[in-house]
Amino acid sequence: MSNELIFGFHSVEAILESEPERFVEIYALKGRDDKRSTPIIDEALKFGISVQFMQRKALDSKSKGEQHQGIIANVKAAPTFNEKDLDAIIAREDTPFLLVLDGITDPHNLGACLRSADAAGVHAIIVPKDRSAKLNGTARKVACGAAETVPLIQVTNLARTLREIKDAGVWVVGTAGETDNHVFDASLTGPMAIVMGAEGEGMRRLTREHCDMLVKIPMAGTVSSLNVSVATGICLFEVLRQRNANN
């Protein structure tokens with residue numbers, strides 16, 4: 001299994017709490033000793049994890065310009081999830097709540113979607129293996145730990161996967177600007193998959209054809225669309241609101 005670099009307090013803390021055995025080494029900012037970094041370093045040392053203290057320039061070089069907050073970790077790559085894992089999640093949950101990202105290629109957006117998905121109680125995120133951002137250090141940092149709690153399911157054929165989850169009783173709701181259906185007026189209770197399209201392009205044709213319903217976010221200003229991660233958060237929390245209202 002290959003290794004990967006993660007950076008930022010939330011990312012490092014999340015893996016340290018759940019899977020400390022994945023750590024190979026931690027690189028920390030030399031001379032920093034505060035309530036944010038010291039507990040992480042102390043916990044890592046308790047697990048016998050090697051900690052190397054470095055100058056900021058060296059950390060900047062390792063993170064390739066991404067904001068690292070003075071801490072980077074070399075960890076064993078996390079296992080990937082596939083269609084079989086998705087089947088198990090749907091079978092396990094009484095009311096599955098899924099997020100489908102069709103062609104989200106910006107890791108910052110992927111990370112932000114992961115963070116919103118975790119907060120809204122999403123059980124899994126589904127992405128195609130191709131035309132999709134990778135769960136790299138950037139995505140993990142933006143996710144603020146959610147990358148370790150929400151399974152990211154990589155599927156070979158997204159259209160086929162949508163057919164299969166529909167057969168399993170999951171209602172598939174896509175987002176598209178041209179529909180007249182507002183997300184706040186739609187019934188979004190029960191087993192649910194929210195489908196978000198790519199930045200700027202929206203959902204692919206086959207993905208759209210496999211949706212049971214299309215909805216849009218009503219816009220009151222002059223802009224015609226929202227960033228995909230913002231739109232994702234709005235849609236997910238509308239599902240959560242309706243679920244809570246029915247409990």
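Strand β2 (residues 23-29) lies beside β3 in this predicted model. The two strands pair in the parallel sense, over five bridges. Take one bridge as a landmark: Ile-26 has Val-51 of β3 as its partner. Strands of a sheet pair through backbone hydrogen bonds, either parallel or antiparallel.

Now widen the view to the sheet. Four strands build an open sheet in the order β1-β4-β2-β3. The pairing in this sheet is mixed. Which strands form the edges? They are β1 (3-7) and β3 (50-54), and each of them pairs on one side only. Neighbouring strands of the sheet are turned against each other by 20° on average, direction ignored.

Helices pack on this sheet too. Helix α2 (residues 38-46) is one of them, and touches β2, β3 and β4 (71-76). The direction of α2 makes about 145° with that of β3. Helix α3 (residues 56-63) also packs on the sheet. Its contacts are with β1, β2, β3 and β4. The direction of α3 makes about 135° with that of β2.

Stay with α2 for a moment, and look at its contact with another helix. Helix α1 (residues 9-18) packs with α2 at an angle of about 30°, and their axes are 11 Å apart. Angles under 35 degrees count as roughly parallel. So α1 is roughly parallel to α2. The crossing of these two helices is left-handed. Which residues make the contact? From α1 come Phe-9, Val-12, Glu-13 and Leu-16. From α2 come Ile-40, Glu-43 and Ala-44. Five residues of the contact are nonpolar, two are charged and none is polar.

Move along the chain to strand β8 (residues 171-175). Is β8 largely enclosed or largely open? Four of its five residues are buried, so the rest of the structure largely encloses this strand. Strand β8 has pairing partners as well. One is strand β9 (residues 192-197), which runs parallel to β8 and is joined to it by four bridges. Here Gly-174 stands opposite Val-195 in β9. Strand β10 (residues 213-215) also pairs with β8 in the parallel sense, over three bridges. In this pairing, Thr-175 stands opposite Val-215 of β10.

The last stop is a second pair of helices, α5 and α9. Start from one residue, Ser-229, which sits in helix α9 (residues 228-246). Is Ser-229 buried or exposed? Its relative accessible area is 12%. Buried means under 20%, so Ser-229 is buried. Leaving aside residues up to four places away in sequence, Ser-229 touches Asn-109, Ala-112 and Cys-113.

Asn-109, Ala-112 and Cys-113 belong to α5. The axes of helix α5 (residues 107-120) and α9 come within 9 Å and cross at roughly 10°. The two helices are therefore roughly parallel to each other. Other residues of α5 join the contact: Ser-116, Ala-117, Ala-119 and Ala-120. On the α9 side, Ser-229 has company from Val-228, Thr-232, Gly-233, Leu-236, Phe-237 and Leu-240. What is the make-up of the contact of α5 with α9? Nine of its residues are nonpolar, five are polar and none is charged.

Methods:
Residues numbered from 1 in each chain as written. Predicted model: local features only at pLDDT ≥ 70, side-chain atom pairs only at ≥ 80, totals over all residues. Heavy atoms only, no water. Buried < 20%, exposed > 50% of the residue type's maximum accessible area, 1.4 Å probe, protein only. Contact = heavy atoms within 4.5 Å. Axes fitted to C-alpha atoms, helices over the stretch in contact; angles between N-to-C directions. Parallel < 35°, antiparallel > 145°, perpendicular 65-115°, else oblique. Nonpolar A, V, L, I, M, F, W, Y, C, P; charged D, E, K, R; others polar. Pairing = 2+ DSSP bridges. Left-handed = near helix turned anticlockwise from the far one by under 90°.
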